[in-house]
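I opened the model to go through strands, rings, loops and the main pocket in turn. These are my notes, in the order I took them.

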Amino acid sequence: RDTFGAMTGLYGAIQPADSVSLSTRTHGAVFNLEYSPDGSVLTVACEQTEVLLFDPISSKHIKTLSEAHEDCVNNIRFLDNRLFATCSDDTTIALWDLRKLNSKVCTLHGHTSWVKNIEYDTNTRLLVTSGFDGNVIIWDTNRCTEDGCPHKKFFHTRFLMRMRLTPDCSKMLISTSSGYLLILHDLDLNKSLEVGSYPILRARRTTSSSDITSSGSSGPRAVGSPCHQNNSGPPSEKTLSRPSQREGGSPRNSLEVLTPEVPGERDRGNCITSLQLHPKGWATLLRCSSNTDDQEWTCVYEFQEGAPVRPVSPRCSLRLTHCIEEANVGRGYIKELCFSPDGRMISSPHGFGIRLLGFDAHCSELVDCLPREASPLREIRSLYSHNDVVLTTKFSPTHCQIASGCLSGRVSLYQPKF
């Protein structure tokens, strides 16, 4: 508790520190920021094919990967302190080694549309990617060569926006542009899922409609590009068969389909544009926009764990606990938000800056301030240092520092000043 109190004091004193000098050439908007696990490197995914690397402590430029991809770089994910992966609208994923940045370790081909998200299962050392072709693909990084990695399609759904694994890799969450959230419980990445091969858990506020698990449109463009929503329903139960359960336990990869409650959006559709998970796996963090793109919300949903249920049993494993309305600046652009490393604060893009949000005014743990009904997130501090719309923000995993990137390509760092 003393450590938490000290960190709250540090974040309360945080101020804009430096604007990182990016590059002399035009690199375009900053779509994603990612620190290495030890906090020694800050990587920047740029609109114009570049990946930039900086020392976040000295703000010094380390390296520019000028042709990291042939199109927009969307996401960066570290596998450990030296290996990281990047994905792009050129439909590929690239693996890089910090010790040898002059060339890629390998390029992975398998998606047929823009690749938007990378996750990594530290238990199995499997790389997991998702794209606007609706596919979630598993890559075996244990057997990588210069020609690529063995891979397989794990799951498919229409209108896929973001995919995340919980910290213990026991669940996979998938958000869609049609406002539905899919949760695969008791995750088994070694089994590919086809229509009819998984049990469906019917949930509150979910009704049968058109089948989003069928093949079709790849959906809207993600980070940094206009987001066009689609009206679609959840998976139709008549197309899903129930497999046999494992002996002595619940079935693996049970699919739950949710329509997350969004304040003010009960009678209107919404698009789940950003999806993040609490570092302890207690909650999920969503950024939602209305179909008309005239309203945005940041919402926190607590995981409600319980005894295993039969596939036919009603279930809703998420409960809205906190929310706040966001500034509707930069319509059509997706803003990526994040939890702090201890999970007690949220950094959220807000117009030309960021807001630090807490579950209460004291930045308490989520489990210590769970309300009976949804409560507003508390604004701890607002920080503004950009002259354009902020698209992404990230906490350092090891230092009291926050980074943010904007539409015009500037990266700002924030750290305490006394």
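How many bridges join strand E4 (residues 51-55) to strand E5 (residues 60-65)? I found five, and E4 and E5 run antiparallel.

Before going on I noted the ground rules. This is a predicted model, in which local features need pLDDT of at least 70 and side-chain atom pairs count only at pLDDT 80 or more, while totals for chains, interfaces and linings use all residues. Residues are numbered from 1 along each chain as its sequence is written, and side-chain values use heavy atoms, with hydrogens and water left out.

**Entry 1: the E4 and E5 hairpin**

Strands here are DSSP runs (E, at least two residues), numbered from the N terminus. Two of them pair if DSSP finds at least two bridges between them. I looked up Phe54 and found it opposite His61 in E5. The hairpin has four residues between its strands, and Ser59 takes a positive phi near 65 degrees there.

**Entry 2: strand E19 and its partner**

I checked the burial of strand E19 (residues 270-277) next. Buried means under 20% relative accessible area, exposed means over 50%, and partly exposed lies in between (1.4 Å probe, protein chains only). Eight of the eight residues of E19 are buried, so the strand is largely enclosed by the rest of the structure. E19 runs antiparallel to strand E20 (residues 283-290), with seven bridges joining the two. I traced Leu277 to its bridge partner in E20, which is Thr284. Five residues lie between the strands of this hairpin, and Gly281 has a positive phi near 75 degrees.

I also looked for charges over rings, where NZ of Lys or CZ of Arg must be within 6 Å of the ring centre and within 35 degrees of the ring normal. Lys280 lies over the face of Trp282, at 5.4 Å from the ring centre. Lys171 lies over the face of Phe303, at 5.5 Å from the ring centre.

**Entry 3: aromatic pairs**

I took rings of Phe, Tyr and Trp (its six-membered ring) as paired if their centres lie within 6.5 Å; planes under 30 degrees apart count as stacked, over 60 as edge-to-face and the rest as tilted. By this rule I count three aromatic pairs. For Phe78 and Phe84 the ring centres are 5.3 Å apart and the planes stand at 40 degrees, so I entered the pair as tilted. Phe78 is buried at 7% relative accessibility, and Phe84 is buried at 0%. Phe84 and Trp96 have ring centres 6.4 Å apart and planes at 15 degrees, so that pair is stacked. Phe84 belongs to strand E7 (residues 83-88) and Trp96 to strand E8 (residues 92-97), so the pair ties together parts that are 12 residues apart in sequence. Trp96 is buried, as is Phe84. I drew Phe78, Phe84 and Trp96 as a cluster linked by ring pairs.

**Entry 4: positive phi in loops**

Most residues other than glycine have a negative phi. I therefore noted Thr91, which is not a glycine and has a positive phi of about 80 degrees, and which is partly exposed with a relative accessible area of 22%. Thr91 sits in the loop between E7 and E8. Arg125 is another non-glycine residue with a positive phi, near 60 degrees. I located Arg125 in the loop between E10 and strand E11 (126-131). At 46% relative accessibility, Arg125 is partly exposed.

**Entry 5: strand E28**

Which residue did I compare with Leu391 across 362 residues of sequence? It was Ala29, and the two are 8.3 Å apart, C-alpha to C-alpha. Leu391 lies in strand E28 and is buried at 0% relative accessibility. Lys394 is found in E28, and I logged Lys394 as buried at 18%. The C-alpha atoms of Lys394 and Tyr35 are separated by 8.0 Å, with their positions 359 residues apart along the chain.

**Entry 6: the largest pocket**

I noted that 41 residues line the largest pocket, with Glu34, Arg77, Gln276, Pro279 and Lys394 nearest its centre. Strands that each supply at least two lining residues include E2 (30-35), E6 (73-78), E19 and E28 (390-395).

How values were computed: On a 1 Å grid over the protein atoms alone, a cavity is a set of points where a 1.4 Å probe fits but cannot get out, and a pocket is an open set with protein on both sides within 12 Å along at least five of seven lines; lining residues have an atom within 4 Å of a point.
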